[in-house]
Amino acid sequence: MANQTVGILGLGIFGQSIIEALISQDVEIIAIDNHEETINQYEDMIAVGVIGDITDMELLEAADVGSCDTVIVATGESLESSVLAVMHCKALGVKNVIAKVKDEVTQQVLEKVGADLVILPEVEAGISLAKTILFNHSIVVVAEFELPASWVGKTVRDVDARRLYRLNIIGYRLTKNQPLESQFTPDFVWPAGVSIIAVTDNQHLDNLREIVK
């Protein structure tokens, strides 16, 4: 019998990255997506795969989502869909509901309707989140913050955020609401005005607060 049952609602890049991180572990996965070809792609890796709308309460109940230890609402494109999915999961008795969001406004809304943890972008965060679900000794935090003035003009290598601050930088935005830029080298020079997206954990939040104060 699996140690945990994890529900994944929405199999975009984020949802698929979580499945691929969990399949080698002793975890039972219930996945729901409205694309038949995506569900079929993972049918040999998951316990239950359902094609349908993640906002359909009856479908979630039929898929036994209420039995999950954790449910991840892995789609963040529609605020209405995310809100309904979170609310339905809580109504079904899921103790731990995690939701992916695309901006801070959506984050605030989902926290108010019951999401236990709300996180920002994609593949790297998905892998880290999967490890958190399995080992529970820390909580992954995905943070977006303005580039500190002391970093302007320095290279990624010079800043050395991973060693000095326990921050894993996964990307940056040139301006607010711009797509995430995740391709950069250690010699990339940080320009003024960009926003940094980084992953850390609750044990090293003080480092982040020190940077952004």
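**Exercise 1. Locate aspartate 160, then work out what is odd about its backbone and what its side chain does.**

Step 1: place it. Aspartate 160 sits in the loop between helix 7 (156–159) and helix 8 (161–165). Helices here are DSSP runs of H or I with at least four residues, strands are runs of E with at least two, and both are numbered from the N terminus. A quick note before going on: this is a predicted model, where local features need pLDDT of at least 70, side-chain atom pairs count only at pLDDT 80 or more, and totals for chains, interfaces and linings use all residues. Residues are numbered from 1 along each chain as its sequence is written, and side-chain values use heavy atoms, with hydrogens and water left out.

Step 2: check the backbone. Phi of aspartate 160 is near 50 degrees, a positive value in a residue other than glycine. Most residues other than glycine have a negative phi.

Step 3: check the cover. Aspartate 160 is partly exposed because its relative accessibility is 24%; buried means under 20% relative accessible area, exposed over 50%, and partly exposed in between (1.4 Å probe, protein chains only).

Step 4: look for a partner. The side chain of aspartate 160 meets that of arginine 163 in a salt bridge, 2.6 Å from N to O. That term calls for a side-chain nitrogen of Lys or Arg within 4 Å of a carboxyl oxygen of Asp or Glu. Arginine 163 has a relative accessible area of 55%, so it goes down as exposed.

**Exercise 2. Do the backbone check for arginine 166.**

Step 1: arginine 166 is in the loop between helix 8 and strand 8 (168–173).

Step 2: its phi is positive, about 60 degrees, although arginine 166 is not a glycine.

Step 3: arginine 166 counts as partly exposed because its relative accessibility is 45%.

**Exercise 3. How many salt bridges does the rule give, and which parts of the chain does the pair lysine 90 and aspartate 116 link?**

Step 1: the count comes to four salt bridges.

Step 2: lysine 90 pairs with aspartate 116, and their closest N and O atoms are 2.8 Å apart. This pair ties together distant parts of the chain, 26 residues apart: lysine 90 is in helix 4 (residues 79–91), while aspartate 116 is in the loop between helix 5 (104–112) and strand 6 (117–119).

Step 3: lysine 90 is partly exposed because its relative accessibility is 28%. Aspartate 116, at 42%, is partly exposed too.

**Exercise 4. Is arginine 173 buried or exposed, and where does its salt-bridge partner lie?**

Step 1: arginine 173 forms a salt bridge with glutamate 144, with 2.9 Å between the closest N and O atoms.

Step 2: again distant parts of the chain are linked, with arginine 173 in strand 8 and glutamate 144 in strand 7 (residues 140–146), 29 residues apart.

Step 3: arginine 173 has a relative accessible area of 10%, so it is buried. Glutamate 144 is at 29%, which means partly exposed.

**Exercise 5. Find C-alpha contacts between residues that are apart in sequence.**

Step 1: start with threonine 70, in strand 4 (residues 70–73). Threonine 70 is buried because its relative accessibility is 4%. Asparagine 96 is 26 residues away in sequence, yet the C-alpha atoms of the two are 4.8 Å apart.

Step 2: go to the loop between strand 8 and strand 9 (195–201), where proline 186 lies. Proline 186 is partly exposed, at 43% relative accessible area. Its C-alpha is 6.6 Å from that of threonine 155, 31 residues apart along the chain.

Step 3: glycine 193 is found in the loop between strand 8 and strand 9. Its relative accessible area is 62%, so glycine 193 is exposed. Glycine 193 and leucine 147 are 46 residues apart in sequence and 6.5 Å apart from C-alpha to C-alpha.

**Exercise 6. Where is confidence lowest and where is it highest in the chain?**

Step 1: take the overall number. The mean pLDDT of the chain is 84, and 84% of its residues reach 70 or more; pLDDT is the predictor's confidence in each residue, from 0 to 100.

Step 2: compare the elements. Helix 6 (residues 123–135) is lowest at a mean of 57, and helix 3 is highest at 97.

Step 3: apply it. Where pLDDT is low, the predicted coordinates should not be read in detail.
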